[in-house]
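Open your viewer, keep the sequence panel handy, and follow along stop by stop.

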Amino acid sequence: MSVAKFFIPSVNTLGTGAVDSAADDIAALGFKRALVVTDKVLVEVGLVAKVTAKLTAKGVETVIFDGTQPNPTVGNVNAGLALLKEHDCDFVISLGGGSPHDCAKGIALVAANGGSIADYEGVDKSPKPQMPLVAINTTAGTASEMTRFCIITDEERHIKMAIVDKNTTPLLSVNDPELMLDKPKALTAATGMDALTHAVEAYVSIAANPITDACAEKAFTLISDNLRNAVNNGQDIAARDQMAYAQFLAGMAFNNASLGYVHAMAHQLGGFYDLPHGVCNAILLPHVQAYNAQVVPERLAKVAQFMGVDISGMTDEQGAEAALEAIRALSKDIGIPANLTELGVKEEDIPTLATNALNDACGLTNPKQATHEEISALFKGAL
Ligand SMILES: [Fe+2]
């Protein structure tokens, strides 16, 4: 038996109208001027203006930093931090998907602790809580709006740094499905598969416990039942709402049970080739779980069951295979690319990718620890 620690923001707002409720909460907290960390697309589509207007109406000033790249970099963090200091902001709001949340965590952590974000790579390296962070989510999702995980690309080393730190936990998380409408199909598909990957990796993690299991099991069902609808009709508010809950539940699971080799490997693809996180995860997920089925077939059989497969009469191994099938079918239905070759991944880069994946903190809780050769074989199998 080991001690389970459960991390989550102290207040979490979900459902239609959550963003209005959050504006009231922010005003009540007494903050004066926010650095709003977002990206250019969300500025262009008017979503940033829509949210900042609600804050202005409550007497909260906003300074916009829209320089977050899809895989946020050390340079992005430094640029946002400079703007925060220039305008003397007293808190940070992240508005967007995983990239703005991670970038904002980097900014808020360094604002309070000094140094460079690279100093905090690893687990719980920062001494002090970050500057207060309110995370308003627009995708479902990375769950970064409610986790203690912050992934920042070191653009010089071409790697993603995993900063897993309780001090990066936002103060308040906001999931309003109305902010998730209009998202492109490919983004909805990729982020939804990221959420499924979180749930699966947390479920087979060596740090899983009854709380994280309950969260993951519900996430499997909600994603299996709603992701296709959210992708096919972006305006389906019910599907968007259920996916918001699903990704939040998956976040509760992995924030506390951690992840595995899918993420450890996907981070390297993202850092090396600047590829979308969710797509890398979706492609790697069945490959890594086929490897994990050697040690936890019974857990994977339960994944199949919660995804709606009738596993009665199946052995654990058959159930695990059914889970892989259900995952592949979902990926195919929502248009995820079939393999890493389609993304431009090159076989000659695999030794480096495998070395970096083995250094990623996310792999520590994978149910079977792999050799460099085995990780390389998993990458090759996914080409
Ligand atoms: Fe993820």
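Start with the hairpin of β7 and β8: four residues sit between the two strands, and one to pick out is H158, which takes a positive phi near 55°. Strands here are DSSP runs of E with at least two residues, helices are runs of H or I with at least four, and both are numbered from the N terminus. A word on what you are looking at: this is a predicted model, in which local features need pLDDT of at least 70 and side-chain atom pairs count only at pLDDT 80 or more, while totals for chains, interfaces and linings use all residues. Residues are numbered from 1 along each chain as its sequence is written, and side-chain values use heavy atoms, with hydrogens and water left out.

**Stop 1: around β8**

Select residues 159-164, which make up β8. Are they buried or exposed? Six of the six are buried, meaning under 20% relative accessible area (over 50% is exposed, in between is partly exposed; 1.4 Å probe, protein chains only). Show the side chains: I159, M161 and I163 point one way, K160, A162 and V164 the other, and all are buried.

Now bring in the partners; two strands pair if DSSP finds at least two bridges between them. β7 (residues 149-154) runs antiparallel to β8 over six bridges, with I151 opposite A162. β5 (residues 122-123) pairs with β8 in the parallel sense over two bridges, and there G122 has I163 as its bridge partner.

**Stop 2: around β6**

Move to residues 133-137, strand β6: five of its five residues are buried, so this strand is largely enclosed by the rest of the structure. L133, A135 and N137 point one way from β6, V134 and I136 the other. β4 runs parallel to β6, joined by five bridges; find I93 opposite V134. Strand β9 (residues 172-175) is also parallel to β6, with four bridges, and here I136 stands opposite V174.

**Stop 3: the iron ion**

Which residues coordinate the iron ion? Select D194 (OD), H198 (NE2), H263 (NE2) and H277 (NE2), at 2.1 to 2.2 Å. Donors are N, O and S atoms within 2.8 Å of the metal (3.2 Å for Na, K and Ca), and water is not among the atoms, so sites may look incomplete. Angles among the four donor atoms span 84 to 169°, and the site is irregular. That label is what remains when other geometries fail: four donors are tetrahedral if all angles lie between 85 and 135 degrees, while four count as square planar and six as octahedral if opposite donors are over 155 degrees apart and all others between 65 and 115.

Along the chain the donors are spaced D-x3-H-x64-H-x13-H. D194 lies in helix α6 and H277 in helix α10 (residues 277-292), so the pair ties together parts 83 residues apart in sequence. D194 is buried at 1% relative accessible area, and H277 counts as buried at 17%.

**Stop 4: rings**

There are four aromatic pairs to find, where rings of Phe, Tyr and Trp (its six-membered ring) pair if their centres lie within 6.5 Å; planes under 30 degrees apart are stacked, over 60 edge-to-face, and the rest tilted. Zoom in on Y203 and F220: their ring centres are 5.2 Å apart and their planes at 85°, so this pair is edge-to-face. Y203 belongs to helix α6 (residues 185-204) and F220 to helix α7 (residues 210-232), 17 residues apart. Y203 is buried at 1% relative accessibility, as is F220 at 0%.

Keep Y203 selected and add R299, whose charged end sits over the ring, 4.0 Å from its centre. For this, NZ of Lys or CZ of Arg must be within 6 Å of the ring centre and within 35 degrees of the ring normal.

**Stop 5: cysteines and two loops**

How many disulfides does the structure hold? Zero, counting a pair of cysteine sulfur atoms within 2.5 Å as a disulfide. For C89, the nearest cysteine sulfur is that of C103, 14 Å away. C215 is in no disulfide either, with the sulfur of C362 nearest at 18 Å. C89 is buried at 5% relative accessible area, and C215 at 6%.

Finally, check some backbone angles. Most residues other than glycine have a negative phi. D88, in the loop between α4 (74-86) and β4 (91-96), has a positive phi of about 55° and is exposed at 60% relative accessible area. End at D274, in the loop between α9 (261-273) and α10, where phi is positive at about 60°.
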